[in-house]
Structure formats: structure tokens, C-alpha cells
Amino acid sequence: MPTMTLPMAQTLRIAKIKEHIGAEVTGIDLTRPVDEATRRELYRALVDNVALVIRDQHFTTQQFLDAAALFGEPMANEMEKKKLAEVPLVSHVDSLKRTKDGKRIYNGATWHCDHTNQPVPPKFTSLYAISLPDSGGGTSIANARAGYAALPDDVKQRIDGMQTVNVIVGSAAKVFDGDRLKWQQDSGREPVVHPLVPTNPDTGAKSIYFHPSKTENIVGLGPEESQELLDELVERTVRPEFTYTHPWRLGDMLIWDNRSAMHRANFDYDPAQHRLLYKIIVKGDRPR
Ligand SMILES: [Fe+2]
């Protein structure tokens, strides 16, 4: 009788990366059908650990979209020029793009939550590596739920009821190199008000939630004063023990919970080398 070697059955394994943030997922190929119990397990691991690193995926662009859709409904990136022509719900994060006058673009270099200028911002952001520099270029994620919980009570009381006014680029934004008002007009969006300390509906936990460059002001404070408070909150909440910097490997799908995390890109690599990631955002609820 001829013998046949069957591929080893996959065993899903979810292991914490750090005590307060991140879990690594192995033993699953998201291009194959995922049953409902497994989908729920992955979703729970994501919201509990704030970020998941799902290893050894080999996606086409459409397969990446299908994998992200396991976590919710993908939504369009508001930056038209970042959308991929073949699958517009997937956008690119491309290190070789330059400004009109040839300068490097430092998108996402400071701690932030994604797309806070939208009335219903994304709950999750996922990235998948296509091309990586030889070293550096990690994505840092901080557990903002733990950061909030660790604040002294008087600071919590001070910020709990605050609201942010969100635009495409705030007038006091420190990191922006372009025509701010034209961007705002082109976006066709009105300023959007969100709580500074919303509650994550999946965990019931409060977290600080903002994008400094997209915050015009905190209601009742001026733009400069608002930026000072946001800087102070970043300083107090983004602690090493709550933070994980993901050193990218090809095959990694990273996904995090914007409602409980802040993140930033690291520009610590050779600018001549290509760092290309594909990005998908997953629809959330209006923050409350
Ligand atoms: Fe971002």
C-alpha cells in the first residue's frame, strides 16, 4: 500500500508577549476557513491583550482583507491616494513616498489613535508586511487602558468628562508639513467631538483616546493648552511596561485595538530602504 504523508494538523496557540500588552498567535492559516469558535477566541484575545501578532501568514491582498474581516467590517481609508487600486479597502504605508519637495514623510511618528477625526472611527487597525528594511521600522503599541488605570485619581477625575474636538490636522499640531486648511476642506468633514476617556464596549474598561495631531482642542481649553495636556497624558501613560514594539518579520499580521491602545511608527531605519506595509481599518462604534 502506498503511504501518504498528511500535513500536520494545525494547533492554534495564543501566548502573551508581555504581561500588559500583546499576544502572539501561531498555528493558524487565515487563508483557510476559520470556524466561529476560533474567530471568537481570536477576537477575545485581541481585546484582552490590546494587540495580536499573527505569525506566518502568506496573503494576497484580498486574503489579507478577508483575514481582517474576521474581526469586523473593514472600512475605507479616507486618504484616497493611499488606497490600493486592486482592493481599495486595503491601503499602503509606504516609506519611499516623499513630499512634493522630496522630503521624507513621518506619518504616525508620535503616539496616537487612528482616524479620530471620523464620527465613527475604526476600532481596529491591522498591518501586514510586504517589504521590510534590514533593521528598525518597528511598530510600537502602548496599552492605553493600563495607562489610564495607572493614573492618579485626581488626574482621572480631571480628565474623565473631557471631550476632544477632532479635525484632519489640528491648528497646534506639531507634526505636519502641508496645507492644513486645504486638507480639512478636501476631507469634507466637520469637526467631530469625542470623549477623551471613552469606555471600550468589548471590555467595559476606560482608556485615554486621542490623536494629538488631529485634536484641534479639548472643549474648554485652547489648542496650545490642549496639546500640553495631551503631551502630559502621553508622558504619564505610555510606560515601558505597557508598551510593545513589534519587530516586523515577513508573514506577520499585526492588529490592535484603537479603543485601548496608542501606537506609533519608528523611523529608525535607512530611508533608502523600502518599508511597505498594507493596512486595513475595521469599523467601530461611536466612542462613548
Ligand atoms: Fe496610525
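Two strands are said to pair if DSSP finds at least two bridges between them, and by that rule β8 and β10 pair in the antiparallel sense, over three bridges. The model in which this pairing appears is a predicted one, and the walk below starts from these strands before turning to a second sheet, to a histidine in one of its strands, and then to aromatic rings and backbone angles.

The pairing of β8 with β10 belongs to an open sheet of three strands, which follow the order β9-β8-β10 with antiparallel pairing. At the edges of this sheet stand β9, covering residues 192–195, and β10, covering residues 215–218, and each of them pairs on one side only. Neighbouring strands here are turned against each other by 30° on average, with direction ignored. On the β9 side, strand β8, which spans residues 163–166, is joined to its antiparallel partner by four bridges. Two residues of β9 can be named as partners in this pairing: Pro 195 is the bridge partner of Gln 163, while Val 193 is the bridge partner of Val 165. Turning to β10, the reader can find Ile 218 there as the bridge partner of Thr 164. As a general point, the side chains in a regular strand alternate between the two faces of the sheet.

A further open sheet is also built from three strands with antiparallel pairing, and its order is β11-β7-β13. Its edge strands are β11, at residues 243–246, and β13, each of which pairs on one side only, and the twist from one strand to the next averages 20°. Strand β7, made of residues 139–143, runs antiparallel to β13 and is joined to it by five bridges. Within this pairing, Ala 142 of the model stands opposite Met 262 in β13.

Strand β13, which covers residues 261–265, also contains His 263. Is His 263 buried or exposed? With a relative accessible area of 5%, His 263 falls below the 20% limit and therefore counts as buried. The side chain of His 263 makes a polar contact of 2.9 Å with the side chain of His 112, and another polar contact, of 3.1 Å, joins the side chains of His 263 and Asp 114. Leaving aside residues up to four places away in sequence, the residues that His 263 touches include Thr 110, Trp 111 and Cys 113, together with Ser 140, Ile 141, Trp 256 and Asn 258.

The aromatic side chains offer another way through the structure, which holds seven aromatic pairs. In one of them, the rings of Phe 59 and Phe 64 have centres 5.9 Å apart and planes at 20°, so this pair is stacked. Phe 59 is buried, with a relative accessible area of 11%, and Phe 64 is buried as well, with a value of 0%. The rings of Phe 267 and Tyr 269 have their centres 6.4 Å apart and their planes at 20°, so they too form a stacked pair. Here Phe 267 is partly exposed, at a relative accessible area of 22%, whereas Tyr 269 is buried, at 7%. The ring of Tyr 269 has a charged neighbour as well, because the charged end of Arg 104 sits over this ring at 4.9 Å from its centre. A similar arrangement involves Lys 156, whose charged end sits over the ring of Tyr 148, 5.5 Å from the ring centre. Elsewhere, Tyr 43, Phe 71 and Phe 124 form one aromatic cluster.The last stop concerns the backbone at two residues. Val 50 has a positive phi of about 75° although it is not a glycine, and Val 50 lies in the loop between α1, residues 36–49, and β3, residues 51–54. With a relative accessibility of 0%, Val 50 counts as buried. His 115 likewise has a positive phi, of about 55°, although it is not a glycine. His 115 lies in the loop between β5, residues 91–94, and β6, residues 122–131, and His 115 is buried, with a relative accessible area of 8%.

Methods: Residues are numbered from 1 along each chain as its sequence is written. This is a predicted model: local features need pLDDT of at least 70, side-chain atom pairs count only at pLDDT 80 or more; totals for chains, interfaces and linings use all residues. Side-chain values use heavy atoms; hydrogens and water are left out. Buried means under 20% relative accessible area, exposed over 50%, partly exposed in between (1.4 Å probe, protein chains only). A polar contact is a pair of N or O atoms within 3.5 Å; within protein, one must be able to donate a hydrogen and the other to accept it, and residues adjacent in sequence count only if both atoms are side-chain atoms. Contact means heavy atoms within 4.5 Å. Rings of Phe, Tyr and Trp (its six-membered ring) pair if their centres lie within 6.5 Å; planes under 30 degrees apart count as stacked, over 60 as edge-to-face and the rest as tilted. A charge sits over a ring if NZ of Lys or CZ of Arg is within 6 Å of the ring centre and within 35 degrees of the ring normal. Axes are lines fitted to C-alpha atoms, for helices over the stretch in contact, and angles run from 0 to 180 degrees between N-to-C directions.
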